[in-house]
Amino acid sequence: MPKPPSSHVPLWRRPAFRALIIQALLLAGLVALIAMMVGNALSNLEARGITTGFGFLGERAGFSIPQTLIDYSGDSTYARTFVVGLLNTLLVSGMGIVAATIIGFAVGIARLSPNWVLARLASAFVEIFRNIPLLVQILFWYFAVLQALPSPRQSLSLMEAVFLNVRGLIVPAPVPEAGFGLTLTALVIAIAASIGFALYARRLQARTGKALPVYWCGAAMIIGLPLLAFVVSGAPLSWVMPELKGFNFRGGVTVIPELMALWLALSIYTASFIAEIVRSGIQSVPKGQVEASRAIGLSSNITLRKVVIPQAMRVIVPQLTSQYLNLIKNSSLATAIGYPDLVAVFAGTSLNQTGQAIEIIAITMAVYLTISLSVSALMNVYNARTLIKER
């Protein structure tokens, strides 16, 4: 039996073998270049008497941070400083993503409204905030708006419980008492029941065409069940009210102006881009789909929620993921106004004190890479689950 013609071709003339050799040589060259750079950096650090390694993470930081989500003091270690900065970055990024998504979808839909005034206002929002640099918007909200608020003694007050001044927003602090766990348990059960009801309603609609009021029933369960448990257990929750003592308020929870300014700027700036993404996604849906839904008697609201938006999400989700990643990346501009995020407290103050530039920058880059890959993975899963299955 004759051998295949390919067996007579010399190994070095086969394209697959040559491609493998070239890739191996490139990989070896890249590894050698990295090794040379690392060796050069280590020798230079040793010549200047700078120690390497991650032992500095266990040393005392010695500086305070104005906003922390966990216990922290000047005696805490640099490792805890890293955690505080990371949590602050995740806080402002999460708040910004939620607000930008809500504002962006509302403005994007409003741009296509038949109401002339509403559509023009939405267009003006997009054109103004999309074309002003983000850093300028951050400085505007911080210096021109929040720093112009009155002093603590002349605070803007709401029912003598919520105060707004140049030091930030001060609200009462909730203090759970014995028995509050029943309310949290009821909340978890209500969320699980709402998810189960939504899945049942989707299968019922696919099988019979009958639609159930999923949103109203879900909201009633999530609000009503924990509220009922809270009342039955004797309202086990007290509040620490803020009081003006000396030159500032004591008690309560303070939202610092740096967080408010950064959150407002990130949300509005990103929302202007999301609005355009939503508008283009809706316009990508064929008009025949809308006309067909109206022909069978569907209202404009149901047409938008059940026909237009699900099909538009195929176009919206990939670009929406890019905007979420941009928002997380742009949160590092917090350094401009002193918000204590990861870049400010860890890649800034900690780096200046320890001199461990390579280790700290490497950790910071790894954190942003991990966050970006995690967000991309979650959005890809969501995109795959909401993808319209063609029959």
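The largest pocket in this predicted model has a volume of about 1900 Å³. Its lining is made up of 31 residues. Look around its centre and the residues lying nearest are Arg202, Gln205, Arg305, Lys306 and Pro310. Four helices give two or more residues each to this lining: H5 (181–208), H6 (214–232), H9 (300–330) and H11 (357–386). Of these, H9 puts in the largest share, with eight residues. Sorted by class, the lining of the largest pocket comes out as 20 nonpolar, five polar and six charged residues.

Next in line is the second largest pocket, with a volume of about 570 Å³. Here 18 residues form the lining, and Leu112, Ile282, Val290, Arg294 and Val308 sit closest to the centre. Helix H9 turns up again, supplying at least two residues of this lining, as do helix H7 (257–283) and helix H8 (287–295). The class breakdown for the second largest pocket is 10 nonpolar, five polar and three charged residues.

Now to the packing. In soluble globular proteins, nonpolar side chains tend to be buried together. In this model, the largest nonpolar core counts 65 residues, and the two that touch the most other members are Leu262 and Ile316. Plenty of helices chip in: H2 (78–111), H3 (116–130), H4 (134–145), H7, H9, H10 (342–354) and H11 each supply at least two residues of this core. The biggest contributor to the core is H7, which gives 14 residues. So H7 and H9 both help line the second largest pocket and both supply residues to the core.

Ile316 gives a closer view of that packing. Setting aside its neighbours within four places in sequence, Ile316 is in contact with Phe105, Ile277, Val278 and Gly281.

Away from the helices themselves, Ser76 is found in the loop between helix H1 (15–47) and H2. Is this loop residue buried or exposed? Ser76 has a relative accessible area of 10%, and it counts as buried because that value falls under the 20% cut-off. As for what surrounds Ser76, the residues in contact with it, once neighbours within four places in sequence are left out, are Glu59, Arg60, Ala61 and Gly62.

Key. Residues are numbered from 1 along each chain as its sequence is written. This is a predicted model: local features need pLDDT of at least 70, side-chain atom pairs count only at pLDDT 80 or more; totals for chains, interfaces and linings use all residues. Side-chain values use heavy atoms; hydrogens and water are left out. On a 1 Å grid over the protein atoms alone, a cavity is a set of points where a 1.4 Å probe fits but cannot get out, and a pocket is an open set with protein on both sides within 12 Å along at least five of seven lines; lining residues have an atom within 4 Å of a point. Grid points are joined across faces, edges and corners, and a volume is the space filled by probe spheres set on the points. Ala, Val, Leu, Ile, Met, Phe, Trp, Tyr, Cys and Pro count as nonpolar, Asp, Glu, Lys and Arg as charged, and the others, Gly among them, as polar. A nonpolar core is a set of buried Ala, Val, Leu, Ile, Met, Phe, Trp, Tyr and Cys residues joined through side-chain atoms within 4.5 Å. Buried means under 20% relative accessible area, exposed over 50%, partly exposed in between (1.4 Å probe, protein chains only). Contact means heavy atoms within 4.5 Å.
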